[in-house]
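Visitor: I'd like to learn how to read a few features off a model like this one. Could you walk me through it?

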Amino acid sequence: MRQKLVVGNWKMHGSRASVDALLGDLAGGTAGAAAEVAVCPTYVHLDQALKLCAGSTLSVGAQDCSHMASGAYTGEVSAEMLAELGCRWVILGHSERRQYHAESDDLVAAKLAAAISAGLQAIVCVGETREQRENGEAEAVVGAQLKGALADQASLEGLVVAYEPVWAIGTGLTATPEEAQDMHAYIRESLDGIAGVDPAQTRLLYGGSVKAGNAAELFAQPDIDGALVGGAALVAEDFRAIVEAAR
Ligand code: PEP
């Protein structure tokens with residue numbers, strides 16, 4: 001039985017005051033939730049978030065990490081540093097990293113290796129563009145992203161995969177529950193061919209304009225084990241409602 005997981009990706013949002021306010025609400029407001037709940041603030045807000053979440057059921061993750069262990073890599077933050085700080089999760093291969101930072105599947109794979117070695121639990125994002133979907137390439141694109149990131153890793157225990165169709169991120173467009181379920185089923189099938197993954201135990205999250213109004217229908221699908229939430233994760237009431245929808 002896979003416990004539902006709801007992860008807030010705060011992207012480049014927040015201030016010390018807003019992090020205080022949001023986590024002040026969420027730390028108590030999600031206690032007793034049926035789903036596991038995590039938040040991923042910016043690097044500069046991680047320490048503050050970890051302190052605010054201490055003693056609560058909320059866990060904390062980063063939105064990225066370096067593929068290198070340490071050294072002259074200006075601006076980078078290593079997986080070890082995140083683990084030492086107390087982070088549990090790291091999001092890797094988000095479409096905004098792929099789009100704005102030219103992250104390839106090879107780079108995502110190297111980041112995943114670094115995260116595994118540091119003991120972080122990775123949330124690996126995959127998803128097709130609208131054009132790729134319209135051309136009938138969605139499964140091929142997602143399958144290649146999965147293989148590219150997951151092949152030849154030392155250990156994939158605790159891996160989480162987030163299916164985030166690029167055309168649904170921050171657009172207000174959501175895949176229908178059936179479209180999302182079809183791709184999640186395909187992802188679970190594809191994981192079967194990857195060494196070190198137990199497809200039945202691997203949690204698959206849907207991401208792309210998840211809101212209080214559509215979360216329950218998505219979560220009711222047999223292969224959807226929760227959500228990676230962007231915009232709605234910044235509003236305590238909305239995020240709490242999504243967490244509740246997993247009950
Ligand atoms: C995301 O960035 O991971 C995301 C799913 O964003 P949104 O919920 O805003 O579409």
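Visitor: Let's start with a helix. Which residues of helix H2 (residues 46-53) are buried?

Guide: First, a caution: this is a predicted model. The general idea for helices is that there are 3.6 residues a turn, so residues three or four places apart point the same way. In H2, the buried residues are Leu46, Gln48, Ala49, Leu50 and Cys53.

Visitor: What do the buried residues of H2 pack against?

Guide: They pack against two helices and two strands: helix H1 (16-29) and H3, plus strand E2 (36-40) and strand E3 (58-62). Just after H2 comes Gly55, with a positive phi of about 80 degrees.

Visitor: How should I read a positive phi?

Guide: Most residues other than glycine have a negative phi. Here, Lys11 is not a glycine, yet its phi is positive, about 50 degrees. Ser209, also a residue other than glycine, has a positive phi near 55 degrees.

Visitor: Where are Lys11 and Ser209 found?

Guide: Both sit in loops. Lys11 is in the one between strand E1 (5-9) and H1, while Ser209 is in the one between E7 and helix H9 (212-219).

Visitor: Does Lys11 count as buried or exposed? And what about Ser209?

Guide: Buried means under 20% relative accessible area. Lys11 counts as buried because its relative accessibility is 18%. Ser209 is buried too, because its value is 14%.

Visitor: Thr202 is in the loop between H8 and strand E7 (203-207). Is Thr202 buried or exposed, and which residues does it touch?

Guide: Thr202 has a relative accessible area of 4%, so it is buried. Leaving out residues up to four places away in sequence, Thr202 touches Arg2, Leu159, Arg188, Leu191, Val197 and Asp225.

Visitor: And how would I read Glu80, in helix H3 (residues 79-85)?

Guide: Between the buried and exposed cut-offs, a residue is called partly exposed. Glu80 counts as partly exposed because its relative accessibility is 45%. Beyond its neighbours within four places in sequence, Glu80 is in contact with Ser117 and Ala118.

Visitor: Last one, charges on the surface. Which residues form the negative surface patch?

Guide: Patch members need over 30% relative accessible area and no salt bridge. The patch here is formed by Glu139, Glu178, Asp182, Glu189, Asp192 and Glu217. Helix H8 (residues 177-191) gives the most to it, with 3 residues. Asp182 has its place in H8, and it counts as exposed because its relative accessible area is 52%.

Notes: Residues numbered from 1 in each chain as written. Predicted model: local features only at pLDDT ≥ 70, side-chain atom pairs only at ≥ 80, totals over all residues. Heavy atoms only, no water. Patch = residues over 30% accessible without salt bridge, like charges linked within 9 Å, V, L, I, M, F, W, Y side chains within 5 Å. Areas by Shrake-Rupley, 256 points an atom, 1.4 Å probe, with all protein chains shown as cover. Salt bridge = Lys/Arg side-chain N within 4 Å of Asp/Glu carboxyl O. Lys, Arg positive; Asp, Glu negative; His and termini not counted. Charge placed at Lys NZ, Arg CZ, Asp CG, Glu CD. Helix = DSSP H or I, 4+ residues; strand = E, 2+ residues; numbered from the N terminus. Buried < 20%, exposed > 50% of the residue type's maximum accessible area, 1.4 Å probe, protein only. Contact = heavy atoms within 4.5 Å.
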